[in-house]
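Dear colleague,

I am passing on the structure we discussed, and below it you will find my notes on what came out of it. Please read them with the model open beside you.

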Amino acid sequence: MMVESRILASIGGTPLIELRRVVPAGSARVLLKLESHNPTGSMKDRMALAVVRGAVSRGTLVSGGTVIEYTGGSTGTSLAFVCAAMGYRITIVTSDAFSREKRDHMRALGASVIEIPSEGGRTTKELIQRMIAKAGELSTSPHAFFADQFNNADAAAGYAPLAEEMWDQSGHRLDAFVQSVGTAQCISGVAAALRRKSRAIHIAAVEPAESPVLSGGAPGAHRIEGVGPGFVPPVWRPDLADEILQVSTAEARDMARRLAREEAIFAGTSSGANVIAALRVAARLGPDRTVATLACDSGLKYLSTDLFSPAQV
């Protein structure tokens, strides 16, 4: 029988708020789901719980076993949190390309952390592939469970409740959903659940302008943590989204700062990218329509970076 800590019940049920000051006149209303209110400050808590529960229920993660995962930070922190609550060991492969807060948070939760050197702190296809390869090597150890977030079907299922929450909180009034793509598990799980509510909901995927692989472009280096791995994710299908929008690192970072100053919402760069793209969709749809997107995580995860340094803000 699986025994869980009550702390896991605090995952989900996050607020949905309407943006006011960054939305131009004449646009649709833009709603932002504050996933920073999850226990580790990230939407990834949802998928981490689903992935670990799924592995336990199928017997692929046994008592005394170890979870192995590659991560840009938030997935690793979320898995470390769930493993701490459920009593499993975890080894995480990450990189110095991702914020110090994320790596320290994993270690604080008891994870063993291996860091792969990056090219000047930038996310590249080669870096992600090296991380995946190292985690794959470690997963051959006895009693190891490879979470493998790019390929684990439980990850997408873990985001279905997020869609249900947004639908109910919006008063069943959603015309579009916008989400940045990393593993594509979130947009996959949310889009499927929302389309069961209404086939008319427009789904927009977001990727870094510097690495527009979903749009058929070449991979490149960028600094929007947690998204844009530089290759098409295995679960990605063209029919997942009705359109793909490109947002640059500079645009995403600028919006993250604006959200803090103008909306009192403290979030990271992927959240900034989401809002930039959501504003584009909202401008096109016009008044009396509703666009929803996610604040994927908390700005507290980026205080050691230059995102919110005095020179920038």
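In helix α3, which spans residues 100-108, the buried residues are Lys-102, Arg-103 and Met-106. Viewed down the axis of α3, these buried residues fall within an arc of 95 degrees, so they line one face of the helix. Please keep in mind throughout that this is a predicted model. The partners against which the buried residues of α3 pack are the helix α2 (74-86) and the strands β4 (89-95) and β5 (112-116). After α3 comes Gly-110, which has a positive phi, near 100 degrees.

Turning to the cysteines, I found 0 disulfides in the structure. Cys-186 takes part in no disulfide, and the nearest cysteine sulfur, which belongs to Cys-296, is 6.9 Å away. Since a disulfide is counted where two cysteine sulfur atoms lie within 2.5 Å, the sulfur of Cys-296, at 6.9 Å from that of Cys-186, is too far for a bond. As to their surroundings, Cys-186 is buried, with a relative accessible area of 5%, and Cys-296 is likewise buried, its relative accessible area being 5%.

Finally, there is the largest pocket, which holds about 210 Å³ of space. Its lining is made up of 18 residues, and those that lie nearest the centre of the pocket are Ala-97, Gly-121, Arg-223, Glu-225 and Thr-305. Sorted by class, the lining of this pocket comprises 5 nonpolar, 7 polar and 6 charged residues.

With best wishes

Key. Residues numbered from 1 in each chain as written. Predicted model: local features only at pLDDT ≥ 70, side-chain atom pairs only at ≥ 80, totals over all residues. Heavy atoms only, no water. 1 Å grid on protein atoms, 1.4 Å probe; cavity = no way out; pocket = protein on both sides within 12 Å on 5 of 7 lines; lining within 4 Å. Points joined across faces, edges and corners; volume = space filled by probe spheres on them. Nonpolar A, V, L, I, M, F, W, Y, C, P; charged D, E, K, R; others polar. Buried < 20%, exposed > 50% of the residue type's maximum accessible area, 1.4 Å probe, protein only. Helix = DSSP H or I, 4+ residues; strand = E, 2+ residues; numbered from the N terminus. Arc of directions from axis to C-beta. Contact = heavy atoms within 4.5 Å.
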